[in-house]
Structure formats: structure tokens, C-alpha cells
Amino acid sequence: MKRAERGAEVEEDARVFHRIRRRAKEPSEAQKRFAELHARMQGQVPPGIGVPAPAPQPVEPAAVVDDFLPPELRVPSHDQVEGKMMPWKQPLVLDGEMATCAACGAYRDWLILSTRGEIWLRCRAGHQQLETRIDTAWYNRHSGPADLTHANFEDCLRHLGH
């Protein structure tokens, strides 16, 4: 009984695959319509091809309007700034270990400085160390927009409470 059932299944599968192969050989209705459209358009040229372009018309210069921000509201571009810094109050965990100051052992209340592609950590005591596990992309993801610009490093430290 089971062999007869398997034989019927095999025969049904053969019919299905035969039908699929036959359909694959015959073009579908959409393929036939596309072939007809392609044959009709074969000799046609798109409009504008082969026609000389019109001569350019003289244009009056646009009026120059100084609508740029006044100098006191302008923010310096990244190439005009020596560096950026942000406070980081909580412990800084990098690659599964906590960053600590090499000089005093502090592990929280950092200033993270980004200058010319390098990242520096500065502890509350004023010790600075290069941090190679942080890159500029990390800094940009974690820092907010700049709220102030300062003329020198000391002014920025004073502003951030260091």
C-alpha cells in the first residue's frame, strides 16, 4: 500500500515539474506584450535627439544679498577650531575595562579632549593621557552640540569647572 502511494506521489511530482518546464519554454503574456512593444519602438528616436540645442539666452546677474548670519552668531568651522572637549562625569568603560588616570588613579569626572584626530583624557587633578581606544567617531557620537567657543584652553577649562 505504501509503495503504491509513493508511486502516485512520484508520478504527480513528475507531472508538476513537466508542467513547470513547459511553461518556462513558452513566453508569458507579459513577455509577448514587451516583445511587441520593443519591435514597434525599434526604429524610433527619442524627441530632441539630432536637433541642435537652442542658443543660451543672456542672463542678468542675480542681486547679491548679504543674508549670512552676523559675526557674533557664526560658529567656527571644524578647521578653525583647535579642538573640542566635553565633560564625562561617570566612569569611562572602554573595551570592558574602566579607564583610570595613570598618575593619580582617578576613574571618573573626566574631560575628554578631541584635537587633530587624537583623543585625550584629563582627570580632575589636571593629568592628561592619550587614549587610543577612543576615536573621533566615538567622540562625535557621544558629544552634544558645542554650546560655546573659547579663545584659549584655560578659558574652556574654567567654563567646565576644571
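Where in the chain is the place of Q90? In this predicted model, Q90 sits in the loop between β1 and β2 (93-94). With a relative accessibility of 41%, Q90 is classed as partly exposed. Along the chain, 18 residues separate Q90 from R108, yet the C-alpha atoms of the two are 5.3 Å apart. Leaving aside residues up to four places away in sequence, Q90 touches R108, D109 and W110. The last of these contacts leads into the next element, since W110 belongs to the range of strand β4 (residues 110-115).

Strand β4 is a good place to pause. Of its 6 residues, 5 are buried, so β4 is largely enclosed by the rest of the structure. One of its pairing partners is strand β1 (residues 84-88), which joins β4 in the antiparallel sense over 5 bridges. Within this pairing, M86 has I112 of β4 as its bridge partner. Strand β5 (residues 118-122) also runs antiparallel to β4, and 5 bridges join these two strands. Here S114 is found opposite I119 of β5. The two strands β4 and β5 make a hairpin, with 2 residues between them. In the turn, R116 adopts a positive phi of about 50°.

Attention now turns to Q129, a residue of strand β6 (residues 128-130). Is Q129 buried or exposed? Its relative accessibility is 16%, and because the cut-off for buried is under 20%, Q129 counts as buried. Two backbone atoms lie close enough to its side chain to be worth a look in the viewer. The backbone oxygen of T100 is 3.1 Å from a polar atom of the Q129 side chain, while the backbone nitrogen of A102 is 2.9 Å from a polar atom of that side chain. Not counting residues up to four places away in sequence, the contacts of Q129 are T100, C101, A102, W110, I119, W120 and L121. Two residues met earlier reappear in this set: W110, which Q90 also touches, and I119, which stands opposite S114.

A different setting is provided by L73, which is located in the loop between α2 (29-41) and β1. At 54% relative accessibility, L73 counts as exposed, because the cut-off for that class is over 50%. Together with F68 and L69, L73 makes a nonpolar surface patch of about 330 Å².

Methods. Residues numbered from 1 in each chain as written. Predicted model: local features only at pLDDT ≥ 70, side-chain atom pairs only at ≥ 80, totals over all residues. Heavy atoms only, no water. Helix = DSSP H or I, 4+ residues; strand = E, 2+ residues; numbered from the N terminus. Buried < 20%, exposed > 50% of the residue type's maximum accessible area, 1.4 Å probe, protein only. Polar contact = N/O pair within 3.5 Å; in protein donor to acceptor, adjacent residues only side chain to side chain. Contact = heavy atoms within 4.5 Å. Pairing = 2+ DSSP bridges. Patch = residues over 30% accessible without salt bridge, like charges linked within 9 Å, V, L, I, M, F, W, Y side chains within 5 Å. Areas by Shrake-Rupley, 256 points an atom, 1.4 Å probe, with all protein chains shown as cover. Salt bridge = Lys/Arg side-chain N within 4 Å of Asp/Glu carboxyl O.
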